[in-house]
Amino acid sequence: MGMEGIGAKVLRKEDKRFITGKGKYTDDHKVAGMQYAAFVRSPHAHARIKGIDKSAAESMPGVTAVLDGKQLTGDGIGNIICGWMIHSKDGSPMNMGAWSALATEHVRYVGDAAAVVIAESQSEAKAAAEAVSIDYEVLPAVVDAVKAMGDGAPQLHPEAANNIIYDWEIGDEAPTDAALAGSAKIVELDITNNRLSPNPMEPRSALALYDEAEDHYTLYTTSQNPHVARLVLSAFYQVAPEHKLRVIAPDVGGGFGSKIYIYPEEIVCLWAAKRAGVPAVKWTSERTEAFLTDAHGRDHITKAKMGFDANNKITGFKVETVANLGAYMSLFSSSVPTYLYATLLSGQYNIANIHCNVKTVYTNTTPVDAYRGAGRPEATYVVERMMETAARELGVDPAELRRANFVTEFPHQTPVIMAYDAGDYSASLDAAMAASDYAGFAARRADAESRGKLRGIGMSCYIEACGIAPSAAVGSLGAGVGLWESAEVRVNPVGTVEILTGSHSHGQGHETTFTQLVSDRFGVPTDNVQIVHGDTDKVQFGMGTYGSRSGAVGMSAIVKALDKVEAKAKKIAAHMLEADEGDIVIENGEVTVAGTDKKLGWHEVCLGAYTGHNLPDGMEPGLKEGAFYDPTNFTFPAGCYICEVEVDPETGVTDVIQFVAADDFGKIINPMIVEGQVHGGIAQGIGQAMMEHAIYDDEGQLLTASYMDYQMPRAGDLPSFKVSTSETLCPGNPLGMKGCGEAGAIGSPPAFMNAITDAISNNTLAMPATPQRVWAAING
Amino acid sequence: MTSAKYHRASSVDEAASLAGSASDPKYIAGGQTLIPTIKQRLAEPSDLIDLRHIGATKGISVSGSQVTIGATTTHAEVASSAELRAVCAALCDLASQIGDPAVRHMGTLGGSIANNDPAADYPAAMLALDAQITTNQRTISASDYFVGLFETALNDGEVITEVSFNAPDKAAYEKFPNPASRYAMAGVFVAKSGGGVRVGVTGAGSDGAFRHEGMEQALSGNWSADAVADVAVDTASMLSDIHGDAAYRANLVKVMAKRAVAAAG
């Protein structure tokens, strides 16, 4: 490895502009004649639109247009779709209701957009939006997923009887029931996975330009996957054909999944720019709009049963989950509680029989979709809370119960699709137990007791699946897209390198890690490498960044393209040096012939490729190669987290005293960035477990629509994490990478909840473990 | 954002006169609540009359045990006043827990008690210190001043000029912050002086800040944390919301009171 190659802690190249305030986000872009959009949003969770009176708004200063849903659909703009088809267990396709970017007949959640004002200034647009008078017939609302399935519940969409979108299953039910029936011990657990607001630091924003002369659109937007956005905007929403629409996702300040999806606002800004006859329309979300309209995460209610034989080996696992998908089906909402969830229910364990039934339900709430971890945190929460509960009920050490059931031979086929390719779960468990001084816990608990505090310890041995793939497999499971990645390596005549990638960085540090691959391969400094991403005019196509896929899939595509560049460069060098191609070595910026003193500078070979003066017979000039990489399998990061807490029984306040993370991410390119990802993930996971909760009242009003009521984790709430990694290489990709972006958020909630339920000796406590809930749990 | 006419008053009289001639005026004394309210389009005053630049209402003076704090003294100034700390450190500690550094350098004592947010910190101290609130029209005792949620005894156009009190022998403030907003969910200020014991409670009451007379009586007879432990806190008068129901808030009032007495020594 060179100083900046694979494994080096290279400082983040992008941080110079971010830390100095020089990042250029969507809202920083301005064009001449740009106007502003303000949305008229429903204050009701469920209502019929009887009429819209725009007259007052239209006559207000600066107002260019007031537009509604009937005009939008009248212009042929299509409904928003969910891109993953799930079939119910009876074989019927999922029951997807219509979602128009501006509501036409009904509004179905508070914040649902019913009209838009286009005006010369943002304040004029907002003032006029308040003056749009919508006559609503308020309808009964339902926010609870179980109640929504009940008799007499308000019905959201005519397509979905009893609000059920699908009733899906995985695994074999009869053998699982039989295994449970024959068990020496059955452990039951009812748990909820709390609904979350995603809260990226940068709110969503869209700037839509329309060039009338060329009939061409450009959309700057806060997207994690601009190519998918263009595809969907073109193919499904009929905004413009792909060759007439350029989508640019410039600097994006965090996403956590919420910026994967195509939202009504981007569609409306594009359509309204042309319809209102203005050069450009910009919309930037306010924070409360973000709480109301950014796709929420999680919101599962689960009943689980696990059987054990007399030797404490798991015999079977049965899980029933109801998942709340909100008022409409967001882009990948259907896949989250199915193939991203139930396929991970085997955890790190040998379980011969698993059956899971999932019902997804419409309610009068914000649409729910993938949020950091997407299905895998929910699965890990079920499995790891169950293992801890079982250990308590069986009276065995939680670490030893896990160890006794670990998968130890690979590949391992689970009963729920996944084939684990590599791992060493005991190694992570041992590392975490050592780092946390697991053996010394009893003394620490006794010390806490002497201070009037309740101390608890809990662990979580998580496994997750990253780099969702291969395309053919996900296609057979209902995905509407492929899940490969593309890369193009452009070597310039002077030897500097541009990497064009279909991945998109919105905080992950791609501009650093991706350049390290080039430095590692050719020995050029990372400062001589530029990463190009986020622009459909520059990068031909790509699938974007989510699901921890940019390492295992995105970087593998780069590696494939680098292979091609290296092969051609060696041919050119061999010709120039009159040597055998097999003897050419490229390192430290030099191209040498092994065993001789013959050499060329890397830049000389690159220049040679472009002058074309001395190339092998028949070779095309230039040094530029592209690759598409489609993985053969998911990757399976895994690890063990151990959390220790102290509770103040008088107030219910919980201190996280210690948090240990021992992860196996396979090959690591930049350990500093990986550590940062783990830190952020753990903070988010503890946020879910002890603080964050999107709460609706019975009428469907979001009670947590600002930071006055929605608690985010702050640095002072958390201890310094003790993190470490071990390495089993993923056999499925060239570098052996697994992915690290979500593990922290996946593994930490059950570790925390296992610790706090241990501290207070009450296993019914639900996330988030707020002081009030903890106090109530202690005081019965 | 809507537009309002901004006035920078240089005297209390000028401020009152400006208020008298505007259609829908608001005094602004730091704006840490008012500006966000306007930005959310929940208030649209015609005129904003800034009181923060009136020299006469700024500063802290201590004469013996008599403390006077000008209404436009910032929380940061209260928190860092050595003079005040020498006689009533509890009030410095309270001010140091308000909001964050930016809020503390803009927000003022007068602004806080004029707004009378039920979760603000100062009202508990004003009640427990038996403070006198002086305006451009009169002096009001704290017990008469705080009327209810966001309600005070102030008349339209009346300007708070200063707050004064006798420093107690012992005092402390203990706050349980709302986990999300960090406003007080229960903040208890206890003060013991020759005149007796007073206990001011903020954040928890459904009718705003209040004195807890049961605790005052118990502590008058026995100044110890144990004395508070047996006093009932009526859940019927407690706020209840997603962060804490009435039973939890009642518990917090008691726990914060115990800790405040212990901290006061």
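Here are four short exercises with worked solutions on this predicted model.

**Exercise 1. Two packed helices**

Find how α18(A) and α19(A) pack, and which classes of residue make up their contact.

*Solution.* Start with the geometry: helix α18 (residues 671-690) of chain A packs on helix α19 (residues 743-760) of chain A at an angle of about 40 degrees, and their axes are 7 Å apart. That angle makes α18(A) oblique to α19(A). Next, look at the handedness: the crossing of α18(A) past α19(A) is right-handed. Now turn to the residues. On the α18(A) side, the contact includes A:Q677, A:G681, A:G685 and A:M690, and on the α19(A) side it includes A:A743, A:G747, A:P749 and A:F752. Sorted by class, this contact holds 10 nonpolar, 9 polar and no charged residues.

**Exercise 2. The side of chain A that touches chain B**

Work out how many residues of each chain are in contact, and what chain A brings to this contact.

*Solution.* First the count: 16 residues of chain A are in contact with 13 residues of chain B. Helix α20 (residues 771-778) of chain A gives the most to chain A's side, with 4 residues. By class, that side divides into 9 nonpolar, 5 polar and 2 charged residues.

**Exercise 3. B:P179 and B:A246**

Place B:P179 in its chain, list its contacts, and decide whether it is buried or exposed. Then do likewise for B:A246.

*Solution.* B:P179 sits in the loop between β11 (170-177) and β12 (184-193) of chain B. Leaving out residues up to four places away in sequence, B:P179 touches A:M691, A:Q711, A:T770 and A:P771, along with B:H243. B:P179 has 20 other C-beta atoms within 10 Å, so it is buried.

B:A246 belongs to helix α11 (residues 246-264) of chain B. With residues up to four places away again set aside, B:A246 touches B:T235, B:M238 and B:S240. B:A246 has 18 other C-beta atoms within 10 Å and is therefore partly exposed.

**Exercise 4. The largest nonpolar core**

Identify the residues that touch the most other members of the largest nonpolar core, then follow the contacts of B:V190.

*Solution.* The core has 327 residues, and those touching the most other members are A:A37, A:V116, A:V117, A:A208, B:F189 and B:V190. Helix α16 (residues 550-577) of chain A gives the most to this core, with 13 residues. Finally, follow B:V190: beyond its neighbours within four places in sequence, its contacts include B:A128, B:A171, B:V199, B:L219 and B:A264.

Terms used
Residues are numbered from 1 along each chain as its sequence is written. Chains are lettered from A and ligands numbered from 1 in the order in which they are written. This is a predicted model: local features need pLDDT of at least 70, side-chain atom pairs count only at pLDDT 80 or more; totals for chains, interfaces and linings use all residues. Axes are lines fitted to C-alpha atoms, for helices over the stretch in contact, and angles run from 0 to 180 degrees between N-to-C directions. Angles under 35 degrees count as roughly parallel, over 145 as roughly antiparallel, 65 to 115 as roughly perpendicular and the rest as oblique. A crossing is left-handed if the near helix is turned anticlockwise from the far one by less than a right angle, and right-handed if clockwise. Two residues are in contact if their C-beta atoms, placed from the backbone, lie within 7 Å. Ala, Val, Leu, Ile, Met, Phe, Trp, Tyr, Cys and Pro count as nonpolar, Asp, Glu, Lys and Arg as charged, and the others, Gly among them, as polar. A nonpolar core is a set of buried Ala, Val, Leu, Ile, Met, Phe, Trp, Tyr and Cys residues joined through C-beta atoms within 7 Å. A residue is buried if 20 or more other C-beta atoms lie within 10 Å of its own, exposed if 12 or fewer, and partly exposed in between; C-beta atoms are placed from the backbone.
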